[in-house]
Amino acid sequence: MTSTLVTRIGELTTNDPTLGDGTALGRLGSAAFVVEDGRVAWVGSASAAPECDTRLDVAGAAVVPGFVDSHTHLVFAGERSDEFEARMAGRPYDGGGIARTVAATRAASADELRSGVAARVGALRAGGVTTIEVKSGYELTTEGEARDLELARTATEQVTWLGAHTVPPEYAHDRAGYLALLTGPMLERCAPLARWADVFCDRGAFDLDEARAVLEAARSRGLGLRLHANQLAHGGAVRLAVELGAASADHLTHLDEGDLEALAGSSTVATLTPGAEFCTRSAYAPARRLLDAGATVALSTDCNPGTSYVTSMAFVIALAVREMGLTCDEALWSATRGGARALRLDDVGHLGVGARADFLVLDAPRAAHLAYRPGADLVTTHLASVPSRPLRHPPSRRSAER
Ligand SMILES: [Zn+2]
């Protein structure tokens with residue numbers, strides 16, 4: 001086994017509160033850590049570091065855990081820049097544009113889709129994402145959703161079935177028929193290919209009863225649960241996510257006090273998507289109120305062709321700080337350990353002993369530069385756990401919420 005010493009770190013963020021300054025960020029100056037077999041084996045002061053086989057001298061740079069992007073829609077064809085252009089000229093987003101991407105994705109070959117996924121995963125990785133969640137949801141047929149899940153599995157184990165993204169046009173006058181397909185044959189076909197199930201529960205999408213039916217059916221097939229909740233309007237989706245023990249409720253633009261209390265008293269992570277609000281010129285989710293209430297907050301890109309074609313987690317961090325009132329440290333934690341919590345993963349999003357050695361060396365002396373210099377490409381080196389080849393085994397569901 002080869003050991004590597006990463007040393008002369010100006011500012012090391014471990015996200016392990018037992019290390020360094022004792023805060024949630026577990027921060028150390030003049031630090032070093034040892035990587036053995038892809039895991040962190042030792043963390044401490046550079047002056048006390050043990051001998052190792054090889055050495056990576058980062059010359060005073062800041063080092064942070066790799067970003068964990070817990071919400072993306074990377075499997076799609078086509079693009080919708082014309083919609084974005086129109087929206088910026090004053091037309092509000094009403095959720096109807098998904099059907100365009102569904103048509104383009106159904107018409108695309110597997111090779112086209114595969115190269116699109118690879119390009120987007122490459123962009124996210126280049127920006128420092130080392131763990132990623134990928135959803136289906138742009139074919140909405142049994143075989144189409146299965147195809148998209150197989151493609152997602154080439155990028156990650158964190159694969160989410162989102163057959164309940166919207167009602168496809170052929171079922172526009174038969175919602176009950178689509179619900180029966182979702183909870184019957186489509187789930188049957190897709191459950192073995194996914195770790196998670198998600199529903200777009202919102203105005204113009206699926207209502208509470210429909211979302212509950214899909215999520216309960218998915219849970220009975222062993223899938224963990226996530227929910228697109230309260231993005232476009234206030235409704236009961238957050239309460240439903242908490243009641244069903246979902247790992248995450250995502251978007252959360254419209255929350256009342258009861259929603260805040262429900263999230264704060266639960267293990268359901270509040271996953272925020274400031275890129276979507278930025279790209280749709282919408283109100284930002286009340287991140288400060290969530291944090292002050294005691295909820296666990298994650299940040300994600302929500303990378304998708306309609307409302308958030310964002311592939312930079314550093315940009316998401318900058319938005320969270322500038323537009324949502326998070327501190328620089330809160331935003332970094334939410335983009336790393338918060339994302340890991342939203343995926344119920346214990347060994348990513350931090351650099352404590354035993355964690356996967358997914359880390360980013362920044363072209364900056366402090367992690368605050370991620371928000372301080374928006375748009376700058378500060379990730380110079382990273383070791384990533386995103387596999388570059390297709391996974392041969394079904395994703396593990398060991399830590400999925402039942
Ligand atoms: Zn989404």
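In this predicted model, Asp69 finds its bridge partner in β7, and that partner is Ile132. A little earlier in the chain, Phe67 is bridged to Val129, again in β7. Taken together, strand β6 (residues 67–69) and β7 share three bridges and run parallel. On the other flank, β7 is tied to strand β8 (residues 158–164), also through three bridges and also in parallel fashion. Val134 is part of that second seam, with Val159 of β8 as its bridge partner. Strand β7 itself (residues 129–135) is mostly covered, with seven of its seven residues buried.

These strands belong to a wider arrangement. Eight strands make up an open sheet, in the order β6-β7-β8-β9-β10-β11-β12-β13, and the pairing is parallel. The sheet ends at β6 and β13 (297–299), the edge strands, each of which pairs on one side only. From one strand to its neighbour the turn averages 25°, direction ignored. Helix α12 (residues 328–342) lies across β6, β11 (248–251), β12 (269–272) and β13, and its direction makes an angle of about 100° with β13.

One residue of this sheet has an unusual backbone. Most residues other than glycine have a negative phi. His251, however, has a phi near 95°, a positive value in a non-glycine residue. His251 sits in strand β11, and it counts as buried because 27 other C-beta atoms lie within 10 Å, against a cut-off of 20 or more. Asp37 also has a positive phi, in this case near 55°, but its setting is a loop, the one between β2 (27–36) and β3. Asp37 has 9 C-beta neighbours inside 10 Å, and since 12 or fewer means exposed, that is how Asp37 is classed.

Just past that loop comes Val40, in strand β3 (residues 39–45). Val40 is buried, given its 24 C-beta neighbours inside 10 Å. Part of its surroundings comes from far along the chain: Leu351 is 311 residues away in sequence, yet the two C-alpha atoms are separated by 6.5 Å. Leaving out neighbours within four places in sequence, the contacts of Val40 include Phe33 and Val35, and also Leu351, Gly352, Val353, Gly354, Ala355 and Ala357.

That long-range link fits the way the chain is divided up. The domain assignment splits the protein chain into domain 1 (3–65 + 350–382) and domain 2 (67–342). The C-alpha centres of the two domains are 30 Å apart. Where they meet, domain 1 puts in 18 residues and domain 2 puts in 16 residues. On the domain 1 side, the elements that supply two or more residues are β5 (62–65), α13 (369–372) and β15 (379–382). This side of the contact has twelve nonpolar, five polar and one charged residues.

The nonpolar interior tells a related story. In soluble globular proteins, nonpolar side chains tend to be buried together. Here the largest nonpolar core has 124 residues, and the members touching the most other members are Val63, Leu227, Ile317 and Ala320. Helix α11 (residues 313–324) gives the most to this core, ten residues in all. Both domain 1 and domain 2 give residues to the core, so it lies between them.

Ala320 offers a closer look at these surroundings. Not counting residues up to four places away in sequence, Ala320 touches Leu272, Pro274, Ala287, Leu299, Leu326, Ala331 and Ser334. One of these partners, Ala287, has its place in helix α10 (residues 287–293). Ala287 is buried, with 24 other C-beta atoms within 10 Å. Its own contacts, with the same exclusion of residues up to four places away, are Leu272, Val297, Ala320, Met324, Gly325 and Leu326. For Ala287 and Gly325, 38 residues apart in sequence, the C-alpha to C-alpha separation is 7.1 Å. Leu272 and Leu326 appear among the contacts of Ala320 and among those of Ala287.

Definitions and conventions: Residues are numbered from 1 along each chain as its sequence is written. This is a predicted model: local features need pLDDT of at least 70, side-chain atom pairs count only at pLDDT 80 or more; totals for chains, interfaces and linings use all residues. Domain bounds come from an automatic or database domain assignment. Two residues are in contact if their C-beta atoms, placed from the backbone, lie within 7 Å. Helices (H or I, at least four residues) and strands (E, at least two) are DSSP runs, numbered from the N terminus. Ala, Val, Leu, Ile, Met, Phe, Trp, Tyr, Cys and Pro count as nonpolar, Asp, Glu, Lys and Arg as charged, and the others, Gly among them, as polar. Two strands pair if DSSP finds at least two bridges between them. Axes are lines fitted to C-alpha atoms, for helices over the stretch in contact, and angles run from 0 to 180 degrees between N-to-C directions. A nonpolar core is a set of buried Ala, Val, Leu, Ile, Met, Phe, Trp, Tyr and Cys residues joined through C-beta atoms within 7 Å.
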